[in-house]
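Please find below a short note for a colleague who is coming to this structure for the first time. The points may be read alongside the sequence and the coordinates.

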Amino acid sequence: MPRSLEAGGTDTLTPLLSGLVASPEQGRVRAEFVLREENGRQLPGVTVPEAWVDSGQRAAARVPEGALKDGTTYLWAMRSCTGTGCSAWSYEEELTVSATAPPAPRTTTVTLTGAALVDATAPIGAGVCAGGCPAVEDARLTLGGAADAERAVWFRPGLGQVPAGARVTRARLQLTPAECGTAACAARPVEITQLAEAWAAPQDGAALPDLLEDTPFAEAALPEEQDLGPMVQSWLEQGPVEGFVLRLPAKDRGRTLSYHSSRAADAAKRPRLVIEYVAPKAPGAPEDLRVTPGDGGLLATWNPPADPGSATDGAEYDVVVTRADGTVAARTTTREPHAVVGALANGTPYRVAVTARTAHGSGAAVTAEPRTPTAVPGGTATYRDIVQQYLDARAAILRGTRPTAAAALAAAPAGAAFQDLLNGRAADLVETRESLARHGTRYTEMTSTLSEVLAGVDDSGAVFLRAAVEDRAVLGGDGAAAEPEEGRREQRFVFSTNSGAPLLHLEADAPAAEKVLSRSAAVEDGLDVAGEPEGPVEETPEEPVELDAEGFPVQAPQAAGAMLRAAQVSGSGTADWASRNLGTKWEYGQDCTNFVSKALYHGGKMKTRAGGRKHDRAWWQQYYFFGTVKNKSYTWSGAENFRRHMINYRKAQFVHAHTARAGDIVLFKWKKERAYNHVAVVSANRHGVQLLQHGGVGRTSLAAAIARYRKSSNYIERVIILRPRSRG
């Protein structure tokens, strides 16, 4: 049955329902939700989407729009399902929603014009480029002029008036049509396209088309109706500012359209880029601070401030623990929304205060009521030893040093304490080992090291042990050089008792188990939220990687063909960023797609695209709710939407496993799940495709990732590898 049920986003009419789910075999788990009126009647026509997550994770789903009424109370419950059946439904929880908009912070408007918004007309048609196409810098900007005489308009803004850390809420280009003689100056839609590379001097129009992204930033519309906010935000965050180009849509290029330029005699008629932003400031106070006492320590968890204060990927948190007399007992700094503080005295009350800090200052502190560390029955060492033996037994089965669960349990002095949990996983572990062996590889090393250990008693009276688990393994064989696997995870191990003896019965992701959902619309921060994938999943064409009968990628060389290249997106930059930032904070419960998007954005320098949040053409991060909350398009943080965006709007190339290289993107689809649900970055292709990912083992191989689910009825049935590019 699901545990730790939480509802969030209750200040909106589309709240989230969530709970921690687990299965004995530690595979994929499907969460189902039911929502009823307060009197117990089913809500007519309302279906809450199911959610798929790995065992030990928090499954979350959003209530559909239009289902709930403001100020009304409802009942909800959930259950977890695997290939062997479903659990009982949880006890019903109450849910009351009220649509409460956050207060609007003050925005600043800056208008870039004249020298701050450089412009030029660029002749790009073949008919006007004989003998060169120098940029035209006069009082007018001209678009169109027939296919072989087309002219485009180039702009490059100077953003020196926008401070670092500003959160751009909107940016609009305002143009004044030039005189049209006796005809009316009818406004016409234009396409705005970013430059992927600088239009260097001498600026020649013939070179300009090859510097453009292959798809306009947004659908064709009047210039002032296109919000360039995400484009401006990306320049502020990653630079440099190469600018953008205006063109008439293909069907209108036979016409001519003129605007006044930055050199117009009347300054009021010059182009203007009007940018609205929230000025950077210190972050607000952390929210939902909870402190859990343990044996000789405390666990503090919190949510990020509702207002981060600036454009940032996250604050640092200063955690101060004080005694009753005000003296400081401990102090630590972290980028994660939680901290384990040890070396405290049992029986002594302590107070925890947490402050968020960025480059723009420190916010107000939030302080919890005093909590008192208390010894756990039998002492922390007892539970730590059981967990370590469990992890060692699991590794022994995978390596083959203990071929069966029975052998591993017999070799472990505390085996009786975790036999049920290990037996539940044993079939998968043996199948993984044997399937890897059939493909000429095996684990030669495998260790798990515990740190930041805290044992305590939870609200239900069960003993828990929370620890950071550092996993390291080496996969090799058949004379190939060994490939390391590395990962760090924070786990929560929960115990029951049998005649006073501790029994380990649950292993879960610690941040997922401890998550407290915010009431505000910022609730999605830190969660992967299920919803029906927007758009036709099955209609997107794809070329899956060829898998053998056991589901492993076929590594046979393919026939020679055209050389595949990643135009404008740096594969090495993507892989390098992913490698350097593998240990960065997870922003979602399932952070895989967000991690890959950030690698493409920061490392590969892939450009953002405008569009509605749910539209597949969009790919952006932007600030909404008056600039206080960082929002992401579905394509940025959802695997299926990301897949369709890359294939349909980026012209990503399908790559075979044999030809995959650093910076390529791997997507996974499980048998029973309608859509693709996991994404990873290729780090290398040595002795098989090597991966970097948020989810599972952070540094692993494609073969090992597939092998993990081979015995499950919900196995990985399809894999595609994409090479991102921005133009053909």
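1. Two strands are taken to pair if DSSP finds at least two bridges between them, and it is in this sense that R167 stands opposite V278 in strand 17. The reader should keep in mind throughout that this is a predicted model.

2. Strand 17, residues 272–278, has a partner in strand 13, residues 167–174, and the two run antiparallel with 7 bridges between them. Strand 17 also pairs with strand 9, residues 108–113, again in the antiparallel sense, here through 6 bridges. Within this second pairing, T111 stands opposite V274 in strand 17. Strand 17 is mostly covered, given that 6 of its 7 residues are buried.

3. The UniProt annotation, from an unreviewed entry, places a domain named "Fibronectin type-III" over residues 282–377. In the model, this span is 47% strand and 0% helix, and the C-alpha atoms at its two ends lie 44 Å apart.

4. Helix 7 covers residues 592–603, and its length can be checked against expectation: at 1.5 Å a residue its 12 residues should span 16 Å, and the end C-alpha atoms are indeed 16 Å apart, so the two values agree. Because 11 of the 12 residues are buried, helix 7 is largely enclosed by the rest of the structure. The buried residues include C592, F595, V596, L600 and Y601, and among them are also K598 and N594. Just after helix 7, K605 takes a positive phi of about 60°.

5. Side chains of opposite charge can pair when their charged atoms come close. The structure holds 43 salt bridges, of which three are described in the points that follow.

6. How far apart in sequence are the parts that E673 and R28 tie together? E673 forms a salt bridge with R28, with the closest N and O atoms 2.8 Å apart. E673 sits in the loop between strand 34 (665–670) and strand 35 (678–685), whereas R28 belongs to strand 3 (residues 28–37), so the pair ties together parts that are 645 residues apart in sequence. E673 is buried, its relative accessible area being 2%, and R28 is buried as well, with a value of 5%.

7. A salt bridge also joins K669 and E717, and here the closest N and O atoms are 2.8 Å apart. Since K669 lies in strand 34 and E717 in strand 38 (residues 716–723), this pair ties together parts that are 48 residues apart in sequence. Are the two residues buried or partly exposed? K669 counts as buried, at 9% relative accessibility, while E717 is partly exposed, with a relative accessible area of 25%. Returning to the residues of the previous point, R28 and E673 are joined with D54 and R708 into one network by salt bridges that share partners.

8. In the third example, R472 forms a salt bridge with E486, the closest N and O atoms being 2.8 Å apart. R472 is in strand 27 (residues 463–477) and E486 is in strand 28 (residues 480–498), and the two residues are 14 residues apart. Both are partly exposed: R472 has a relative accessible area of 36%, and E486 one of 31%.

Notes:
Residues are numbered from 1 along each chain as its sequence is written. This is a predicted model: local features need pLDDT of at least 70, side-chain atom pairs count only at pLDDT 80 or more; totals for chains, interfaces and linings use all residues. Side-chain values use heavy atoms; hydrogens and water are left out. Helices (H or I, at least four residues) and strands (E, at least two) are DSSP runs, numbered from the N terminus. The expected span of a helix is 1.5 Å times one less than its number of residues. Buried means under 20% relative accessible area, exposed over 50%, partly exposed in between (1.4 Å probe, protein chains only). A salt bridge is a side-chain nitrogen of Lys or Arg within 4 Å of a carboxyl oxygen of Asp or Glu. UniProt positions are given in the numbering used here, feature names are shortened, and annotations may be inferred rather than shown by experiment.
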